[in-house]
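Biologist: Could you walk me through this one before I head back to the bench? I'd like to hear about charged pairs and cysteines.

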Amino acid sequence: MGAFLETFLFLIWFLSESSSLFSSCKLRKQFNFNEMHKAGDVILGGLFEVHYTSVFHEPTFTSEPNQLSCQGFDPPAFRHAMTMAYAIDEINKNPNLLQNVSLGYSLYDNCATLVIGFSAALSLASGREEQFLLQETCLGTPPVLGIVGDSFSTFSIATSDVIGLFKLPMVSYFATCSCLSDRRRFPSFFRTIPSDAFQVRAMIQIMKHFGWTWTGLLVSDDDYGRHVARSFQSDLTESIGGCLAYSEILPWGDNPTELKRIVHLMKKSTARVVIVFAHQIHMIQLMEEVVRQNITGLQWMASEAWTTAAVLQTPRLMPYLGGTLGIAIRRGEISGLRDFLLKTSPDKSNNHRNRMLIHYLEKVNFTTTFGDQVSFDENGDALPIYDIMNWQWLPDGKINVQNVGVVKKSASKGEELTLDEENIFWSFVFKQPPQSKCSESCSPGSRMTRKKGQPVCCYDCVACSEGKYSNETDSMECSICPEDFWSSPQRDHCVPKKTEFLTYEEPLGICLTTASLLGTFICAVVLGIFIHHRSTPMVRANNSELSFLLLASLKLCFLCSLLFIGHPRLWTCQLRHAAFGISFVLCISCILVKTMVVLAVFKASKPGGGASLKWFGAGQQRGTVLLLTSIQAVICTAWLVSSSPVPQKNTQYYNDKIVYECVVGSTVGFAVLMGYIGLLAILSFLLAFMARNLPDSFNEAKLITFSMLIFCAVWVAFVPAYINSPGKYADAVEVFAILASSFGLLMALFGPKCYIILLRPERNTKKAIMGR
């Protein structure tokens with residue numbers, strides 16, 4: 001209360017210094033307010049935010065005026081008003097103060113609404129009675145000699161701009177905008193609260209103490225907030241090298257869409273400290289949205305406008321506002337007031353003042369008997385209206401000046417032109433309006449371009465370039481179509497860009513899908529054949545367990561190609577390369593182990609080589625396959641975690657198309673995945689090539705060598721084709737490489753075996769396989 005109570009020190013001093021005499025005045029209109037009065041020899045005015053919002057009411061009958069009603073009781077502001085009333089009563093009770101003079105007051109509620117606060121200030125300056133004379137016999141309530149208020153900076157600015165013209169002082173206890181320190185603009189404005197320039201520095205000092213350099217700033221949509229936003233950002237950088245994660249303006253009134261956007265921004269921001277320079281009505285609305293989105297974990301810093309707002313200090317809001325730091329008005333006791341007042345002696349005379357004629361002239365609005373609207377604009381000008389006259393040459397040689405239209409400006413419709421074209425006289429051969437243009441109008445789809453060295457009305461029409469459009473005649477510029485749109489052939493509007501990706505409906509997608517499913521089906525058939533003939537020498541001699549695992553991995557290779565078809569999604573982009581990489585490593589790992597087993601068996605057949613087989617038992621084979629596949633799984637995991645493939649809209653390939661594709665994210669991750677597959681394939685090829693001439697009549701090493709040759713050839717050809725293929729064709733190339741290599745492995749490894757099992761069963765014997 002210290003700043004608030006200091007207001008009265010100034011007012012009492014002012015009473016001792018002012019001297020004037022009011023002339024006779026008569027009011028033309030009464031305003032309706034929430035108000036409280038006390039009679040006295042000298043009246044002091046007060047403007048307080050007893051309610052923190054107002055609601056506009058439409059009239060029930062057309063004859064009734066529009067009305068504003070106040071809502072939302074504000075206990076702290078009501079205490080401010082009561083404090084003023086109490087202080088005046090205490091002064092009047094003290095016989096040592098203002099002897100033979102009593103103080104009175106007129107207190108009004110501004111309802112946190114500019115129009116109400118401004119109207120109340122006008123009422124305080126002009127008086128409320130129909131007529132008064134401040135002479136030996138007083139009639140009615142005399143105007144006030146000073147006003148305590150207003151609480152809002154914007155209200156104080158607006159009121160001081162007007163009230164200050166008549167040297168009527170205003171002493172604010174709550175308006176903090178640094179702009180009010182401008183003495184040339186506000187010569188009669190005083191305040192007992194520091195300006196926001198100091199408050200900003202105080203906030204920054206708190207931030208410096210706690211090491212907060214990354215913060216969000218929310219301000220109210222008025223002079224109070226906007227001045228703070230400008231000074232805060234510059235002072236923050238200069239003082240502590242800090243910066244703002246975001247700076248947002250809180251709207252006045254009910255605007256849930258904007259509040260939702262601001263709160264969502266706060267939610268996704270990494271800044272944990274939120275500084276709010278706003279009024280409590282803003283905070284009430286803001287916190288409703290904060291509660292709806294359940295945003296906790298923020299450190300709030302409050303300006304003096306809402307630091308002590310009791311309406312926000314509720315159990316419902318404490319989970320969100322708990323721990324708030326704020327700047328508040330310093331509390332204090334009145335000291336030395338009696339000694340100061342004893343030195344002053346008030347003078348009842350006043351300066352002559354003009355009672356806002358200007359105010360009523362600004363409100364003038366009526367319609368004449370012949371239909372013209374009369375009112376004044378913001379510059380004090382009457383609404384303009386002109387008749388349009390036509391000089392007519394009549395057949396008898398006489399000249400007549402005829403009214404053929406009107407041009408006027410109205411408050412509701414703006415400028416209007418009305419012409420009676422049938423009565424216009426044209427002095428031309430065809431009695432038609434003339435054509436008077438340097439250039440023909442440019443149609444939609446084109447723009448005007450100046451002709452060098454000629455006036456601005458002389459121009460050429462140039463068609464809009466691709467990606468731009470104009471939908472008006474005589475457009476100066478062509479507008480750029482939005483990102484996902486492209487100009488129509490006529491360039492007069494934008495149409496959605498065509499989208500391109502490898503789909504299941506197009507012929508290429510159908511062919512690849514069919515091939516994938518066919519390969520999967522063949523793998524299933526082969527697997528069924530091997531299971532059915534699992535006891536035959538052909539199946540058993542070729543390590544049936546690895547053969548079954550190899551067939552299962554080939555099925556996965558065929559199926560993973562389907563992930564490259566269809567609209568790219570995040571999960572398909574992440575899964576397609578991981579599934580492809582792991583499936584092929586599993587497949588090649590089985591082939592590599594089979595090759596190693598062939599070599600081990602051949603070595604064991606030689607004298608002293610039996611010990612080599614102990615390293616290639618069933619457990620070791622499974623473990624080797626699992627280990628080699630796990631390495632690829634780790635590579636895929638590291639790739640997905642560090643820089644995962646993601647879908648993107650690519651507009652670089654075609655200007656008029658959007659190509660949906662998956663970017664690999666980390667090129668290194670993709671290269672390591674492909675390189676590991678290539679390493680295992682080359683190793684399998686080399687080992688199989690070494691064992692190709694073993695003496696068995698049915699040597700699987702030859703089949704492995706051939707299959708690895710096909711595999712490596714396909715993927716060597718794939719790399720340059722993939723790099724040079726745009727858009728969906730890159731996916732098609734990769735799917736083709738997967739299918740070609742998978743079919744190559746399936747046919748090379750299992751084709752001859754199925755031929756013998758199904759068509760040459762006489763060769764499916766141990767003797768035939770051993771070549772005996």
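Modeller: One term first: a residue is called buried when its relative accessible area is under 20%, exposed when it is over 50%, and partly exposed in between. Please also keep in mind that this is a predicted model.

Biologist: Fine. How many salt bridges does a search of the whole structure find?

Modeller: The search turns up 13 salt bridges. One of them pairs E545 with R622, with the closest N and O atoms 2.8 Å apart. That pair links distant parts of the chain, since E545 sits in helix α14 and R622 in helix α16, 77 residues apart.

Biologist: Is E545 buried or exposed?

Modeller: Neither, because its relative accessible area is 36%, which makes E545 partly exposed. R622 also counts as partly exposed, at 45%.

Biologist: And which residue does E258 pair with?

Modeller: E258 forms a salt bridge with R261, and the closest N and O atoms are 2.7 Å apart. Both residues lie in helix α7, 3 residues apart, which is about one turn of the helix. In general, an α-helix has 3.6 residues a turn, so residues three or four places apart point the same way.

Biologist: Switching to cysteines, how many disulfides does the structure hold?

Modeller: There are 5 disulfides. Among them is the one between C573 and C662, with an S to S distance of 1.8 Å, and with -70° about the S-S bond this link is left-handed. It links distant parts of the chain, C573 being in helix α15 and C662 in strand β29, 89 residues apart.

Biologist: What about C70 and C111?

Modeller: Their sulfur atoms are 1.5 Å apart in the model, and the two form a disulfide. The torsion about that S-S bond is about 85°, so the disulfide is right-handed. C70 is partly exposed, with a relative accessible area of 23%, whereas C111 counts as buried at 0%.

Biologist: Then why is the sulfur of C523 not in a bond with C557?

Modeller: Because the sulfur of C523 is 8.4 Å from the one in C557, its closest cysteine sulfur, and that is too far for a bond. C523 is one of the buried residues of helix α12, and its relative accessibility is 0%.

Biologist: How many residues has α12, then?

Modeller: Helix α12 has 26 residues, running from 507 to 532, and it reaches 37 Å from its first C-alpha to its last, close to the 38 Å expected.

Notes
Residues are numbered from 1 along each chain as its sequence is written. This is a predicted model: local features need pLDDT of at least 70, side-chain atom pairs count only at pLDDT 80 or more; totals for chains, interfaces and linings use all residues. Side-chain values use heavy atoms; hydrogens and water are left out. Helices (H or I, at least four residues) and strands (E, at least two) are DSSP runs, numbered from the N terminus. The expected span of a helix is 1.5 Å times one less than its number of residues. Buried means under 20% relative accessible area, exposed over 50%, partly exposed in between (1.4 Å probe, protein chains only). A salt bridge is a side-chain nitrogen of Lys or Arg within 4 Å of a carboxyl oxygen of Asp or Glu. A disulfide is a pair of cysteine sulfur atoms within 2.5 Å.
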